[in-house]
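Q: I am new to reading protein models, and I would like to go through one slowly. Could you take me from the general idea of each feature to the case at hand?

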Amino acid sequence: MALARQVLCVSALLSLPPARAEPIRYSVAEEAESGSLVGELAEDAGLTPAQLSARRARLVSEDGRQHFRLERASGRLVVAGRLDREELCGQAASCMLPFELLLSNPLQFFRVEVTLDDINDHSPVFPEERVTFKILETSDPGSRFPLEVAQDHDIGSNTVQQYSISPKNKYFSVSYGSLSNGDDYLELLLEKPLDREEEAEMGFRVIALDGGSPPRSGTIEISIIILDVNDNVPKFTQDRYSGRIMENMPEGSVVLTVLATDQDAGVTGDISYQLSQAVGQSDSAFVIDPITGEIKLTKALDFEVSDHHEIRVRATDGGGLSAICKVLVEVVDVNDNAPELVVSSFSSPLPEDTVPGTVVALFSVRDRDSGANGKISCALEDQLSFSLRPAYKNYYELVTVSALDREETPQYILSVTAADAGSPPLTSTQTFSVDISDVNDNAPVFNQNSYTMYVRENNVATVFVGAVSATDADVGLNAKVTYSLAPEQVAERPWCSCISVNSENGHVFVLRPLDYEHLRQTEVTVSASDAGSPPLRANVTVRLVVLDENDNAPLVLYPAQDGSPASSELVPVWAEAGYLVGKVVAVDADSGQNSWLSYHLLRATDPGLFSVAVQSGEVRLRRPVTERDSVKQKLVVLVRDNGKPPLSATAALSALLLKDFSDVRLPHSSPAPEDQDGSLTTYLIISLVFVSLLFLISSAVFVARKACRRKELEAGHVLYGADNVQSGLADAAAAGTLPRAYCYEISLTTGSGNSEFKFLRPILPSLPPQHCALGQGPAEEQDFPCVPVSTEDMAPDNAGTLSAGQLNALSFD
């Protein structure tokens, strides 16, 4: 990773546009007013004002202070505020303010140096306002008495140029100049011998005059006290003392010790020391012991404020003679300043589709320490999406190196650490919070792959049946989801226009009542779309299932309930319990438990004779048939579904209890046409009339023979064989009359194989004709119809049979 970053940094440096080889230089006088023109910077840099604005030109200085301002509209460099050369550069021979003109897109630097010209804005100042000299009257002419030179913060010709005495004095003159080591000196020169008795004290002023225009001056009051003989002046062991001290030494630390000697004895040989205060050092960091000459610290020193100090020490003997020496104190730097990061530009938020290589931040680093303590290295904490690369001198760029994804990381906290090379090293950290702004790169996602919703049939209009929900990983408008029905529908699906979806919350409604029997389920496609530009969308299938309501009563299929005469089931009297009489068949258009049917015997001629299977609808005998049971049984079966509330229907069923019977079959062919039915009806009517006449004749015969034939009639039995029936009918035809009345029970079922039936022998004893006519005897008790039949109806060509049309013409109770 480190090697990759080094390669990236070298590549970035190589890709920088070439910087101007020579700096752009200007000069301006100090104390110039704010807004004063310094130079045409854009023109000198080969740029236009439009380029300055487009490339976001700005001025960057190493110390972070802005002394000048760039007018982008005109390209001029002007003074930003008050410029004091003495404050900015002190006593330096030249005062240059360097800075860089920084441009972006592409990154480019121009070195600019502005020289600050000195003006005569400071007067000479003596370190002391008054100096008193005690001079022996025996002093020889030519004796010299040193003074502190006047100091002027200006430089060049604006500094002190000459000294003079005012008023003129016949005893003293002023001598000044520079020594071989470059130090200036100022002395009072005794021109003629003194006479304490003539003048014990005298005073005058020494005037320092600079070379400005107009010139400025400073004065010091000189007081001369003439003493008796003290002919030895103190002398320092060195003309100049030098010392070094660490900047972190505590208050009270001894810097060095000065020493002066005086060859005089007694009081005139006693020496005391005092510091001669320098100009601008009213709050000195040093103090001297007046007896020992030890120079100590009064406060901590700061190498970054001043790396050396110059002080002067005066040694004075008891006779008033004195000497001055210079003390130079060098401050040794320690690593007490952490590196500083100065951010020039920072871009946040970044769009998540920002391309790799985009500059996020530009910053510079500096350290106020010197040497190794001021060497700085920068590092970015492990970060796969960003890296640092050197830009120019001590400038660095924070750039993207990979694609960004706001949904994965919405914010990056980048920590840049700057460390110096001191021991131990000091570090500082700058944190960049880079927010990632959203672009619409995520489509809505439904929380289910498909939805199934349920609604009961016969629902009210606009009933709420459920909701779809989709989320979008984006934010803002890019995440605002609206819902709609997709315009295209799959042709193979059952589709219903009865479904609506709320565009805001995804609620699904059914707009009109539905019928389960017509529509059991339908599918629609719901689309979720965000508000991005362009919008992204997703589709989901919503299946609406209609739940059944119990709104259909059971429908009886068999026996038919269409109003036609009910068919009768034939039941032999010898049938045992459990004998299958028939079956009720019904269906229900509903589904589920609403279509579960149960069968119940609602009423019957003999309720205890039959039972109905609850599940299958089979009608069976509950017990064997007895003689007391009616021959013709009527049953009503209740068919009920399992809905809530349940719905029901009834089925009517007839059953005939027979002692003996033969097959009764109906043809499978379709019913006869209407014209054939009419002919058969006519034939049956003629037959009934003829049979009625035979009945009257037979009744007379039966009354005459009633007594003698009673036992024979009681012993009569049913003829099951068709041959017996036909032979009896043949005999009766030969005699010209029927000896007895025949009663026939006819049961036609849907399962009959043909449309013929066989004549049955009498099931009751022979009775006189009037018994049947009057409805008396066992025939009446068993509810059997008695039908007289003539010999014409029993012709050999159709003996023992009647057609289906003739049977339909017969009426039965």
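The dialogue below takes up the chain as a whole, then a strand, a surface patch and a disulfide.

Q: What should I know before reading any values?
A: This is a predicted model, in which local features need pLDDT of at least 70 and side-chain atom pairs count only at pLDDT 80 or more, while totals for chains, interfaces and linings use all residues. Residues are numbered from 1 along each chain as its sequence is written, and side-chain values use heavy atoms, with hydrogens and water left out.

Q: How many helices and strands does the protein chain have?
A: Helices (H or I, at least four residues) and strands (E, at least two) are DSSP runs, numbered from the N terminus. The protein chain has 10 helices and 49 strands.

Q: What percentage of the residues count as buried?
A: Buried means under 20% relative accessible area, exposed means over 50%, and partly exposed lies in between, with a 1.4 Å probe and protein chains only. Of the 813 residues of the protein chain, 42% count as buried. Cys 325, for instance, counts as buried because its relative accessibility is 1%, and Cys 378 is buried too, with a relative accessible area of 19%.

Q: Which side chains of strand 33 point to one face and are buried?
A: In a regular strand the side chains alternate between the two faces of the sheet. Along strand 33, residues 450-456, Tyr 451, Met 453 and Val 455 point to one face and are buried, while Ser 450, Thr 452, Tyr 454 and Arg 456 point to the other and are not.

Q: In which sense do strand 33 and strand 40 pair?
A: Two strands pair if DSSP finds at least two bridges between them. Strand 33 and strand 40 (residues 537-547) pair in the parallel sense over seven bridges, and the bridge partner of Tyr 451 in strand 40 is Val 542.

Q: Which residues form a nonpolar patch on the surface?
A: Leu 555, Leu 557, Val 585 and Val 587 form a nonpolar patch on the surface, with about 320 Å² of accessible area together (Shrake-Rupley method, 1.4 Å probe, only the protein chains shown counting as cover). Patch residues have over 30% relative accessible area and no salt bridge (a side-chain nitrogen of Lys or Arg within 4 Å of a carboxyl oxygen of Asp or Glu); like charges are joined within 9 Å, and nonpolar side chains (Val, Leu, Ile, Met, Phe, Trp, Tyr) within 5 Å. Val 585 is found in strand 44 and, at 33% relative accessibility, counts as partly exposed.

Q: Which cysteines form a disulfide?
A: A disulfide is a pair of cysteine sulfur atoms within 2.5 Å. Cys 89 and Cys 95 form one, their sulfur atoms 1.8 Å apart. The torsion about their S-S bond is about 60 degrees, so the disulfide is right-handed.
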